[in-house]
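Colleague: Mind walking me through this model? I'd like the helices, the packing and the pockets.

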Amino acid sequence: MTVSISIASGKGGVGKTNCAVNLSLALCKQGKKVVLFDTDFGMANAHILLGTNPRHSAASFLKGEAKLDDILTEAPQNLKFIAGGSGLLELLNLNNETRYRMLQSLSSLEDQIDYLIVDTPAGASDSTLFFTSATDIPLIVLVAEPTSFLDAYALIKAAHIEKGLTQFSVMVNMANSASSAQQNFKKFSEICNRFLDVKLTYAGMVPQSNAIRRSIVKRKPITIGMPSSPEAKLFTDLANKIPSLPHNEHDGITFFSKDKG
Ligand SMILES: Nc1ncnc2c1ncn2[C@@H]1O[C@H](COP(=O)(O)OP(=O)(O)O)[C@@H](O)[C@H]1O
Ligand SMILES: [Mg+2]
């Protein structure tokens, strides 16, 4: 059985891609088979954080120039990576049919991989909503700013009302402390519960960190470059928490079959 996890926020610059990359690598370190898929087709950048230069991307697959095997590129720790492809403006207007084709072709990976991690673009765009609601676990990245709260709320509301999702996991990034992260989660959770019939689960936190900032500049994810750092340990904690996070059981298009009995 493959578990799919989307990393989403509604807002750009909150650390989604860094989280997607390091969570993927932390799961690989535990011996899991993981595919990381960058669905930010307009401004894909997971390959930059990963320090890889893939020849092919999802864009080449969708244009018929590459096969699925070609776009599953090698990344550190045996991670398999599907790059989004940058600067391909026509893909910003990717329609649902093309998205569905991408999703269907990945279904052949079911049972070959343990986890599919989906990095999503900013904004509650059609693309974000489509890929977020196609995963078992939407993992929302929240930072302690009103704009982040507002955008994350808008994304959850759209995923709930338009796609029927009820379960959302939340990780707090750039937090001042573990306790302030918990408080921010609680505050955000209360806002969501006041207006929407959804359940939010706390998945973990990562502090505001210069080491993370430097790791991005060096193109060496912190889980690889500084494996004994407190930050790397927090990504391991997040990876450990994944099996206990609730899955959505909504009807709708998903990455892998719902028949997981
Ligand atoms: N925990 C953190 N501490 C400090 N800076 C961070 C942290 N997470 C992310 N950043 C900074 O935020 C920027 C945006 O991160 P990124 O993962 O690309 O966000 P997103 O994918 O949400 O747009 C990075 O370039 C990095 O400098
Ligand atoms: Mg990103």
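**Helices, cores and pockets**

Colleague: Before we start, what are the ground rules, and what does Thr52 touch?

Modeller: This is a predicted model, where local features need pLDDT of at least 70, side-chain atom pairs count only at pLDDT 80 or more, and totals for chains, interfaces and linings use all residues. Residues are numbered from 1 along each chain as its sequence is written, chains are lettered from A and ligands numbered from 1 in written order, and side-chain values use heavy atoms, leaving out hydrogens and water. Contact means heavy atoms within 4.5 Å. Not counting residues up to four places away in sequence, Thr52 touches His47, Glu74, Ala75, Pro76, Phe81 and Arg219.

Colleague: Is Thr52 buried or exposed?

Modeller: Thr52 lies in the loop between α2 (46-50) and α3 (58-62); helices (H or I, at least four residues) and strands (E, at least two) are DSSP runs, numbered from the N terminus. Buried means under 20% relative accessible area, exposed over 50% and partly exposed in between, with a 1.4 Å probe and protein chains only. Thr52 has a relative accessible area of 12%, so it is buried.

Colleague: And Asn78, buried or exposed?

Modeller: Asn78 is found in the loop between β3 (73-74) and β4 (80-82). Its phi is near 65°, a positive value in a residue other than glycine. With 65% relative accessibility, Asn78 counts as exposed.

Colleague: What distance separates the end C-alpha atoms of α8?

Modeller: The expected span of a helix is 1.5 Å times one less than its number of residues. For the 18 residues of α8 (residues 178-195) that gives 26 Å, and the distance in the model agrees: 27 Å.

Colleague: Which elements do the buried residues of α8 pack against?

Modeller: On α8, the buried residues are Ser180, Ala181, Asn184, Phe185, Phe188, Ser189 and Cys192. They pack against β6 (137-142), α7 (146-163), β7 (167-175) and β8 (199-207).

Colleague: Which helix gives the most to the largest nonpolar core?

Modeller: A nonpolar core is a set of buried Ala, Val, Leu, Ile, Met, Phe, Trp, Tyr and Cys residues joined through side-chain atoms within 4.5 Å. The largest has 38 residues, and those with the most contacts inside it are Ile5, Ile7, Leu23, Ile117, Met171 and Phe235. With eight residues, the top contributor is helix α1 (residues 16-29).

Colleague: Which residues lie nearest the centre of the largest pocket?

Modeller: On a 1 Å grid over the protein atoms alone, a pocket is an open set of points where a 1.4 Å probe fits, with protein on both sides within 12 Å along at least five of seven lines; lining residues have an atom within 4 Å of a point. α1, β7 and α9 (210-217) each supply at least two residues of this lining. Of the 31 lining residues, those nearest the centre are Gly13, Gly15, Lys16, Thr17 and Asn45.

Colleague: What volume does the largest pocket have?

Modeller: Grid points are joined across faces, edges and corners, and a volume is the space filled by probe spheres set on the points. The second largest pocket holds about 190 Å³, and its lining includes Asn78. For the largest pocket, the volume is about 610 Å³.
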